Amino acid sequence: MLDASGMVERWSAAAESITGVPAAEAIGRPLARIAPGALETFERERAVDVFAVSFPAGEGTGKPLSGRARPLVCAGKGEGWVWVFRDEQRLREIDQLKAEFVGTISHELRTPLTSIKAYTATLRTNPSLDEPTRAEFLQIVEQEADRLTRLVDDLLVVARVDSGLMLKRRQRVPLQELLDRVLTNLARDPAQHPVRLDLAGVEVSGDPDRLYEVFANLLENAVKYSPKGGEIGVSAERGADGAVVIVRDRGAGVPEGELPYIFDQFYRVDNHLTASAGGSGLGLYIVRSIVRAHGGTIDVCSNVGQGTTFTISLPDRSA
Ligand code: ADP
């Protein structure tokens, strides 16, 4: 906010971060000195849009910002201006992310819906289909409905994660019980994807429903990305101030360059395996958010063609 002479009166925290100029340096100085591109407004008492304002002294990104000034008029007299700066490049990036989000979700919603529609139509229009074929088609419809439910559940969890409402309760959770429940519901062929548990009676401290999501997602990935089978292992031990749980598989692995990104929202490694396995790229984002909400950490190491290991540390109390 500027006074009638163009001197900065107020400089918000958002202005500090977008321009890189601290409030202490801006307040009391003419805006024209801090941002040469913004000068002309002070000569004409009307709203002005400027498309490239730069802040040479700022420690921001150095990118020009767009600026929009509106005069503050009180009883017909100009009292100053309010300036709003926008990082257009960042806004374009956000628009792009939104478009990608809608694209990914639409695709993920449409794929199971298309199958459900096709199989139900076939069942309805072919009453003479033999019983095994009918049973097979119905099973596909059910699986696709489950896939839709999982996606919608993931989206709901992400909405909760993003609004910070994560842990409903905190209690001691025996890992064996938790993993037994996860394995009961895990879609896999146990002969092709055997899971070995070595949990040594370890208990973790946390919200059992959220912790269920952590291990359900990690094991679902271990199955999905291990096309040739191979044993999956979950082991646990007590560390200095909590539990350490390791989930490892002997699957496809993740290329080193991709590892920093796999916990990002909607990030999926671009290869034939992810294309055929399906997924939203939300699983590991949810996993990491839940682990962090428990005050814990998750690390990954992976070798292409050899497998992936996730190490989760869960403190007995959140930090
Ligand atoms: P999704 O499985 O829906 O794609 P995730 O967030 O769970 O999303 O995982 C992000 C990406 O990380 C996956 O697309 C996959 O490429 C890679 N990934 C995750 N877990 C494994 C694993 N156990 N083995 C190999 N790649 C994995």
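## Close-up views of the ligand site and the aromatic pairs

**Figure 1. Residues around the ligand.** Of the 18 residues that surround the ligand in this predicted model, those that come nearest are Asn221, Tyr225, Asp249, Arg268 and Leu284. Sorted by class, the shell around the ligand is made up of 7 nonpolar, 8 polar and 3 charged residues. Two helices, H7 (208–224) and H9 (283–293), each contribute at least two residues to this shell.

**Figure 2. Polar contacts to oxygen atoms of the ligand.** Tyr225, which is one of the residues that come nearest to the ligand, has an N or O atom of its side chain at 2.7 Å from a ligand oxygen atom. Backbone atoms take part as well: a backbone N or O atom of Gly281 is placed 2.9 Å from an oxygen atom of the ligand, and for Val269 the corresponding distance from a backbone N or O atom to a ligand oxygen atom is 3.4 Å. On its own the ligand has 530 Å² of accessible area, of which the protein covers 97%.

**Figure 3. The stacked pair Trp83 and Phe85.** The whole structure contains 5 aromatic pairs, and one of them is shown here. The ring centres of Trp83 and Phe85 are 5.4 Å apart and the ring planes stand at 15°, an angle under the 30 degrees that sets the limit for stacking, so the pair is classed as stacked. Trp83 has a relative accessible area of 10% and Phe85 has one of 13%; both values are under 20%, and therefore both residues count as buried. Together with Trp11, the residues Trp83 and Phe85 form one aromatic cluster.

**Figure 4. The edge-to-face pair Tyr119 and Phe137.** In this pair the ring centres of Tyr119 and Phe137 lie 4.8 Å apart, and because the planes meet at 65°, which is over 60 degrees, the arrangement is edge-to-face. The pair links distant parts of the chain, since Tyr119 belongs to helix H4 (residues 88–125) and Phe137 to helix H5 (residues 131–162), with the two residues 18 apart. The two partners also fall into separate accessibility classes: Tyr119, at 25% relative accessibility, lies between the limits of 20% and 50% and so counts as partly exposed, whereas Phe137, at 14%, is under 20% and therefore counts as buried.

Key. Residues are numbered from 1 along each chain as its sequence is written. This is a predicted model: local features need pLDDT of at least 70, side-chain atom pairs count only at pLDDT 80 or more; totals for chains, interfaces and linings use all residues. Side-chain values use heavy atoms; hydrogens and water are left out. A residue is near a molecule or strand if one of its heavy atoms lies within 4 Å of it. A polar contact is a pair of N or O atoms within 3.5 Å; within protein, one must be able to donate a hydrogen and the other to accept it, and residues adjacent in sequence count only if both atoms are side-chain atoms. Accessible areas come from the Shrake-Rupley method with a 1.4 Å probe; for residues, only the protein chains shown count as cover. Helices (H or I, at least four residues) and strands (E, at least two) are DSSP runs, numbered from the N terminus. Ala, Val, Leu, Ile, Met, Phe, Trp, Tyr, Cys and Pro count as nonpolar, Asp, Glu, Lys and Arg as charged, and the others, Gly among them, as polar. Rings of Phe, Tyr and Trp (its six-membered ring) pair if their centres lie within 6.5 Å; planes under 30 degrees apart count as stacked, over 60 as edge-to-face and the rest as tilted. Buried means under 20% relative accessible area, exposed over 50%, partly exposed in between (1.4 Å probe, protein chains only).
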